[in-house]
Amino acid sequence: MALTGRWRLKVRSDFSSAHQLRHYKGKCEALHGHNFSVEAEVIGTTLDPVIGYLMDFKELKNCLQQVLETLDHKFLNELSAFQKINPTSEVLARYVFDALSTLLLEYPVTLHSVMVAEKGSSMATYELYDDGIPGGAEVAGA
Ligand SMILES: [Zn+2]
């Protein structure tokens, strides 16, 4: 079987917000803040024939920044996206993934994953399934 390759580009950014985890029995039920770090990774197979890049890193960072602006210095629980579900790292990763996917539609890349970390040692990733195993995140409660 012939192997085929592809490129992955990853950018990092961060934002600072407050949240509280409703119904959580512990310290995180109280209002508190984090300096969240975020990584977004796109994949693609076609390089720009003139420049030789998959996508301009600067544009990828700009797209991620546009999404993070909607979260930065906010009380996340008050945003409409997090009225019914807690703004946990998992939920934030899916939120960033969905919003960033839309912004990337005009580029020849596919958003592969978004990682959100409340601190360096705890991180949640929301990612596209591409290994033939169906994703359960959207259908588990259906
Ligand atoms: Zn927290």
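How many bridges pair strand 2 with strand 3 (residues 110-119), and in which sense, parallel or antiparallel? The two strands pair in the antiparallel sense over seven bridges. Before we go on, keep in mind that this is a predicted model: local features need pLDDT of at least 70, side-chain atom pairs count only at pLDDT 80 or more, and totals for chains, interfaces and linings use all residues. Residues are numbered from 1 along each chain as its sequence is written.

A few words on vocabulary. Helices (H or I, at least four residues) and strands (E, at least two) are DSSP runs, numbered from the N terminus. Two strands pair if DSSP finds at least two bridges between them.

Now let's look at the sheet. It's an open one, made of four strands in the order 1-2-3-4, with antiparallel pairing. Strand 1 and strand 4 are the edge strands, since each pairs on one side only. On average, neighbouring strands are turned by 20 degrees against each other, direction ignored; axes here are lines fitted to C-alpha atoms (for helices, over the stretch in contact), and angles run from 0 to 180 degrees between N-to-C directions.

Strand 1 and strand 2 pair in the antiparallel sense over 13 bridges. Try following one row across: Val11 has Ala40 in strand 2 as its bridge partner, and Ala40 in turn stands opposite Val114 in strand 3. Another bridge links Asp14 to Ser37 in strand 2.

What packs on this sheet? Helix 1 does, touching strand 1 and strand 2, and its direction makes about 25 degrees with that of strand 1. Helix 2 packs on the sheet too, touching strand 2, strand 3 and strand 4, with its direction at about 145 degrees to that of strand 3. Contact here means that the C-beta atoms of two residues, placed from the backbone, lie within 7 Å.

Let's zoom in on helix 1 (residues 57-69). Its 13 residues reach 18 Å from the first C-alpha to the last, close to the 18 Å expected at 1.5 Å a residue; the expected span is 1.5 Å times one less than the number of residues. The buried residues of helix 1 are Leu60, Cys63, Leu64, Val67 and Leu68. They're on the same side of the helix because they cover an arc of only 135 degrees around the axis, where the arc is that of the directions from the helix axis to the C-beta atoms. Lys58, Asn62, Gln66 and Glu69, on the other side, are exposed. (Buried means 20 or more other C-beta atoms within 10 Å of a residue's own, exposed means 12 or fewer, and partly exposed is in between; C-beta atoms are placed from the backbone.) Why do spaced-out residues share a side? An α-helix has 3.6 residues a turn, so residues three or four places apart point the same way.

Helix 2 (89-103) is among the elements covering the buried residues of helix 1. Its own buried residues include Leu92, Val96 and Arg94. Arg94 counts as buried because it has 21 C-beta neighbours inside 10 Å. Arg94 also sits 7.4 Å from Val114, C-alpha to C-alpha, though the two are 20 residues apart in sequence.

Finally, the loops. His23 is found between strand 1 and strand 2, and its phi is near 70 degrees, a positive value in a residue other than glycine. With 6 other C-beta atoms within 10 Å, His23 is exposed.
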